[in-house]
Amino acid sequence: MTPRTRLAAPLLAAALLTAACGGGGGSTAAPASDAAKPGEKIKLTVGLFGDFGFKPLYEEYKKTHPNIEIVENVTQFNDHHSNLVKRLATNAGAGDVEAVEVGYISTFTAQPNKFVDLKQYGLDKRQSDYLDWKWQQGLSKDGGRLLGLGTDVGGLAMCYRKDLFKKAGLPTGRAEVAALWPTWEQYIDTGKKFAAANVAGAKFTDSPGEIFRAMVNQAPVGLYDAQDNIIVGSNPDVKKAWDLSNRLTQEGLTAKLAAFSPPWNTGFAKGSFATIICPAWMTGFIQEQAKDATGKWDIATVPGGSGNSGGSHLMVPKQSKHPKEAAELIDFLTSKDNQARVFKEEGTFPSIPALYDDPSIQNFTKPFFGDAPIGKIYSEAAKALKPQHLGPKEADVRVAIGNGLGRVEQGKQTPDEAWAQVLEDVKKIK
C-alpha cells in the first residue's frame, strides 16, 4: 500500500480516471512471450506510487535470479493510476508489475482482458494465505480470473501527540485516550475541549477528508451497493459521515492541511495537529516527516473501533513481455515472510492473517511511538475489519466528495451547498 513516501491521497487529489478506463472487453496487447529463455538477461519494471519497502527484497530476489534486473519506477499517487489507465488504453508503456491502491482496484479488475490471469502461473495456490475479502478484491468481477495479489491492509487506529494532549489538560495514556472517543461524536467533543485549551500553533486534527473516508469505511455499505450503483445520495451513513466531518471544520478543529500536500508534510514536524487517522502505513510516514518527535506520538483505538483505509495489490499488465517472471516476482514480494519484514521496516500491515498471532508481529513495538504495541494494535484492527463492496469508479466518487469537503473548509461553500454540488458531480461519474 502506501508507505512513508506516498505522495497524494485518493480522496482529495484530482481524479484523472476518465473514459480512458474502457471496459473489460475489447482488444488487448499483442501476446507476450511466456518466459525468458534459460539464462537470458531480462529486465522487469515495477510501477509504484511510493516507497513500498521493496528495494531490499529485490536484492534478495536477485541472489537466486541473477539473470533478472529489476527497475522500480515511482510516481505520485494520482499520476501513477491515471498513467496506468492511459497505458492500458494504448496497450503500451505499462510496467511488468503495477501496484494498484484499493480505491482504484475495482477500476482495473473491471478490465480483466488488460491483465494477466495469475492463475496461469499457479498463484491461485496463495488463496488460503489471504484474508478472504482481500483475495476477492484481486479477482475479476466474475470471480474467474486472479488479477492481483495483495500487499497490505490499512487497518485503522488514531495517532495522537501526547505532548499536545498534555498541554490541553487531556489524558495521554493510550487506553485513557481511546476511552475519550468510542464514537465520532465524542471524538468531536474531545476536539472542542482541546480547542478550548488554546494550545499554541496546534489544531485538533489535520483536515476532514481522511476522517470522512474512515467513517464511511466503517459502515456496512459505502459509496456503492452490491449492484455497482452509486448510492452517495441515498446512503444515510455517507450523509452522516459528511455532516460529522464538516462539524470538525465548523467547530474550528482542523488545521486546513490537505492530506499529502507539502504544508501537511511539514505540519508533522511543526506539531500543527494533535490527532490524525492512522492506518498502519501512516506510522512510517509520520516517522519520516517528524524525525525529531520521537516519543511524542502514540497510538489509540480509532472511534468506531475498526475500519480500513488503503491497501494495495500487485498486478501484471497483459502487455508485459515477461509475464511469468513478473508473476513469480509478485509471488515473492507478497510472501508471508516478506510481508512481515516490510511491516517491521516500513509500517505497511500484512494482508496474511496467519501473521496476526505471530509473536514477532504481536510483540512488535516502535520506540518512536513510545514503544506502543504497534503489532498488537494493528492485528486487532485487521481482525475486526469487515469487507465493503467497492464500485468501479470508487476513487472518482471519493474525489468528488473530498473536493466538496475542501470547499467547505476553504469557506467557499456551506456544507449544504457543497453537498448539493457533490451530488451533481457524482451523477456525472459513469
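A salt bridge is a side-chain nitrogen of Lys or Arg within 4 Å of a carboxyl oxygen of Asp or Glu. In the structure described here, which is a predicted model, the count by this rule comes to 21 salt bridges. One of them joins Lys291 to Glu288, whose closest N and O atoms are 3.3 Å apart. The two partners fall into separate classes of accessibility. Lys291 counts as exposed because its relative accessibility is 55% and the class begins over 50%. Glu288, at 28% relative accessibility, counts as partly exposed.

A second salt bridge is formed by Lys324 and Glu328, with 2.5 Å between the closest N and O atoms. Both residues belong to helix 12 (residues 323-333); they are four residues apart and therefore separated by about one helical turn. Lys324 has a relative accessibility of 29% and so counts as partly exposed. Glu328 is also partly exposed, with a relative accessible area of 30%.

The spacing of four residues occurs again in helix 16 (residues 394-409), where Arg398 and Glu394 are likewise separated by about one helical turn. Their salt bridge brings the closest N and O atoms to 3.1 Å. Here, however, the partners are buried: Arg398 has a relative accessible area of 3%, and Glu394 has a relative accessibility of 0%. Both values satisfy the limit for a buried residue, because that class lies under 20%. Salt bridges also link several residues into a network, which consists of Lys125, Arg126, Asp129 and Asp331.

Attention now turns to the strands. An open sheet is formed by four strands in the order 7-8-6-9, with mixed pairing. Strand 7 (203-205) and strand 9 (297-300) are the edge strands, each pairing on one side only. On average, neighbouring strands of this sheet are turned by 20° against each other, direction ignored. Strand 7 runs parallel to strand 8 (residues 273-277), and two bridges join them. Within this pairing, Lys203 has Phe273 of strand 8 as its bridge partner.

Two helices pack on this sheet. Helix 7 (residues 184-196) touches strand 6 (158-161), strand 7 and strand 8, and its direction makes about 165° with that of strand 7. Helix 11 (residues 280-289) touches strand 6, strand 8 and strand 9; the angle between its direction and that of strand 8 is about 145°.

Strand 10 (residues 312-315) pairs with two further strands. With strand 3 (residues 97-101), the pairing is antiparallel and extends over four bridges. Strand 4 (residues 148-150) also runs antiparallel to strand 10, to which three bridges join it. Leu314 of strand 10 takes part in both pairings: Leu314 is the bridge partner of Ala99, and Leu149 stands opposite Leu314 as well. In a regular strand the side chains alternate between the two faces of the sheet. In strand 10, Ser312 and Leu314 lie on one side, and His313 and Met315 lie on the other. These four residues are all buried, and both faces of the strand are thus covered.

Aromatic residues provide a further set of contacts. Across the whole structure, a search finds 30 aromatic pairs. Tyr130 and Trp135 form one of these, a tilted pair with 5.8 Å from centre to centre and 45° between the planes. Tyr130 and Trp135 are both buried. Another tilted pair is made by Phe194 and Phe204, with centres 5.9 Å apart and planes at 45°. This pair links distant parts of the chain, since Phe194 lies in helix 7 and Phe204 lies in strand 7, 10 residues apart. Phe194 and Phe204 are both buried. They also belong to a cluster, in which ring pairs link Tyr160, Phe165, Trp181, Trp184, Tyr187, Phe194 and Phe204.

An aromatic ring also lies beneath a charged side chain at one position: Lys239 lies over the face of Trp419, at 5.7 Å from the ring centre.

Technical notes:
Residues numbered from 1 in each chain as written. Predicted model: local features only at pLDDT ≥ 70, side-chain atom pairs only at ≥ 80, totals over all residues. Heavy atoms only, no water. Pairing = 2+ DSSP bridges. Axes fitted to C-alpha atoms, helices over the stretch in contact; angles between N-to-C directions. Contact = heavy atoms within 4.5 Å. Phe/Tyr/Trp six-rings, centres within 6.5 Å; stacked < 30°, edge-to-face > 60°. Buried < 20%, exposed > 50% of the residue type's maximum accessible area, 1.4 Å probe, protein only. Lys NZ or Arg CZ within 6 Å of the ring centre and 35° of its normal.
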